[in-house]
Amino acid sequence: MSRINSNFCVFLIVLNHATIFIPMGLNLVALNPSTPAIEVFVNETFQLRYNTTSTVDENTLIVTLAQSMLVVGAAMGSISTHLWAKYFRRRTGVIIVHLLSLSSAILMSIIAYLFHSYEALIIGRWVNGLARGLGFSLGPLYVAEITSRKTLGFYQSPLGWIVQLSAVLGNIIAHPNVLGGVFTWPYAMAIPGLFSVLYLCFVPWIPDTIPHHLNVEKSTGVEIDGENPMTRRSFLLLEKLRSEKGPGLIKEYEDIQSEIAADNRVEGASLRTILTIGTYRRQVIAAIVVQFSLQASGIQAVMQYTNNIFESAGVHPGNSTYYTIGTLILMGLAVFASTGLLTRFGTKRMLVIGLTIVVCALTLLTISTTNSSDSSNILGVISVALFAIGVGTGPMLTMVTYPSELTTVVSRPNAMWLASVVFWVTGGLVSFIFPYSLELLGGYAYIPFTVLVMLSGGYVIFFLPETRNRSAQDIKSFFAKSKLSMSNKASSKQSTELLPAALISKTDEL
């Protein structure tokens, strides 16, 4: 991979991923192990304000509000992503994400603790949710526009295991015996903000993306085909981001120009206009389904009740949390191990393999939770482990990678925006509805997830292309004529079946 992207480009990718997605995992679990200390903090605040102690119900309400504000903020952030992507540069959008993240860390730590304000804790969680919802889309968008398309899948795929392993780290940091104690919990809340400080320190050396510079050059009257491209700022940036020089670099530059030029007729168009064009509508739907496949797997439902499943198998209640942490580690390792397989097998195939494993795991989980024998209890543990492997191998590995590969420069912001909105909204609905479904239906509550995963897998198999070794024009041609199936033909036949570029503008209107 280093022969394509320069060390500077790799540094930008690592900096982007680490400073956005590690804090996501840390903040996701920060309140769970430190809840007893937060309740003491709430009780002390009540004593200072009202000269009385808080009730159990009041403690529960405040902690629950703080927890839920993260999801509410993430949903609101994902909804507003479209505006940030449309009216601001990618670099500016990422900076906003970090300013929000840093502000939330200050609210949840220094301000909340010094001013005895649990309101600051709640508002800080909401602000952090905004950063989470925005960063979920804007971060990958920036990387997609600076890295080579040939290595896009490889560099987007680590996001899953980064979040999972940082969640494990967050459980450790916020443990009462580490930084989750009565006097130390503000430090646990402040640590994620340090990643934003790190990013902001490097801002003077972080460039905008290549498409941004090309659009600026176009708007300021720089001729696209006239002068020597090697003198343009956009080409000089591409040269800085790539190790490859000579004809290969010029070819990539021309491909980026062609991708943008082909999409000029919808540049700046509304979402409604884009959805009326067949090619882009199919790209948007594809991105939504791929990201939704992670929620369809029931990850919210299964991971919420792993402690109960382990305890049913004979694990001591005091140790069930450690087994859950082990499950998160297993899922993160599955994503990590599968990252290297993307370039060999392709993103589509890895997603299908993962979804197949998830179907098997959910089937076993349904059987184990609807029976009370010792063997079924052990089967429950096996099914959770299999579920972690399946999710890590498929939907979590590809949830950002595959949509990035399936979309173009113009369709990608809208596609990632809608996909993230559907992802967060459905995640919130599952978190709210599933406990009641589980109480009413028992283990049969997992069946709808099994059906949804099978439907998602069928859509991927029959309606989406394999993106491995495919150019942006190849992908766009596939969506321009949905009956094409690049994934089921030999490469020699695929090239002859692709729709000629000259006909794309006509088939787009279908």
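Is Arg242 buried or exposed, and what is its relative accessible area? Arg242 is buried, at a relative accessible area of 3%. The legends below return to this residue after an overview of the predicted model.

**Figure 1. Overview of the predicted chain.** The protein chain holds 26 helices and zero strands. Of its 510 residues, 54% are buried. Contacts with a separation of 6 or more are mostly long in sequence: residues 24 or more positions apart account for 79% of them. The chain exposes about 21800 Å². Carbon and sulfur atoms supply 66% of that area. Mean pLDDT is 83, and 88% of the residues reach 70 or more.

**Figure 2. The stretch at residues 483-510.** Here pLDDT stays under 50. For this stretch the model has 44 contacts beyond four places in sequence.

**Figure 3. Salt bridge between Asp208 and Arg89.** The closest N and O atoms of the two residues are 2.9 Å apart. Asp208 sits in the loop between α8 (185-201) and α9, and Arg89 in the loop between α3 (56-87) and α4, so the bridge ties together parts 119 residues apart in sequence. The partners differ in burial. Asp208 has a relative accessible area of 8% and is buried. Arg89, at 37%, is partly exposed. The salt bridges in the model come to five; this pair is one of them.

**Figure 4. Salt bridge between Arg90 and Glu145.** The closest N and O atoms lie 3.1 Å apart. Arg90 belongs to helix α4, while Glu145 is in the loop between α5 (118-144) and α6 (152-156), so the pair ties together parts that are 55 residues apart in sequence. Both Arg90 and Glu145 are buried.

**Figure 5. Salt bridge between Glu252 and Arg242.** The two side chains meet at 2.9 Å, N to O. Glu252 lies in helix α11 (residues 247-262) and Arg242 in the loop between α10 (233-241) and α11, so this bridge ties together parts 10 residues apart in sequence. Glu252 is buried, with a relative accessible area of 16%. Arg242 is buried too, at 3%. Both values fall below the cut-off for burial, which is under 20% relative accessible area.

**Figure 6. The buried face of helix α9.** Helix α9 spans residues 210-219. Its buried residues are Ile210, Pro211, His213, Leu214 and Glu217. Seen down the axis of α9, these residues fall within an arc of 160°, so they line one face of the helix. The loop between α8 and α9 carries Asp208, the partner of Arg89 in Figure 3.

**Figure 7. A nonpolar patch on the surface.** The patch covers about 780 Å². Val40, Ile106, Ile110, Tyr113, Leu114, Phe115, Val182 and Phe183 make it up. Helix α4 (residues 90-114) gives the largest share, with four residues. Leu114 is found in this helix. At 57% relative accessibility, Leu114 counts as exposed, because the cut-off for that class is over 50%. Helix α4 also holds Arg90, which is buried and pairs with Glu145 in Figure 4.

Definitions and conventions
Residues are numbered from 1 along each chain as its sequence is written. This is a predicted model: local features need pLDDT of at least 70, side-chain atom pairs count only at pLDDT 80 or more; totals for chains, interfaces and linings use all residues. Side-chain values use heavy atoms; hydrogens and water are left out. Buried means under 20% relative accessible area, exposed over 50%, partly exposed in between (1.4 Å probe, protein chains only). Helices (H or I, at least four residues) and strands (E, at least two) are DSSP runs, numbered from the N terminus. The arc is that of the directions from the helix axis to the C-beta atoms. Patches are made of residues with over 30% relative accessible area and no salt bridge: like charges are joined within 9 Å, nonpolar side chains (Val, Leu, Ile, Met, Phe, Trp, Tyr) within 5 Å. Accessible areas come from the Shrake-Rupley method with a 1.4 Å probe; for residues, only the protein chains shown count as cover. pLDDT is the predictor's confidence in each residue, from 0 to 100. Contact means heavy atoms within 4.5 Å.
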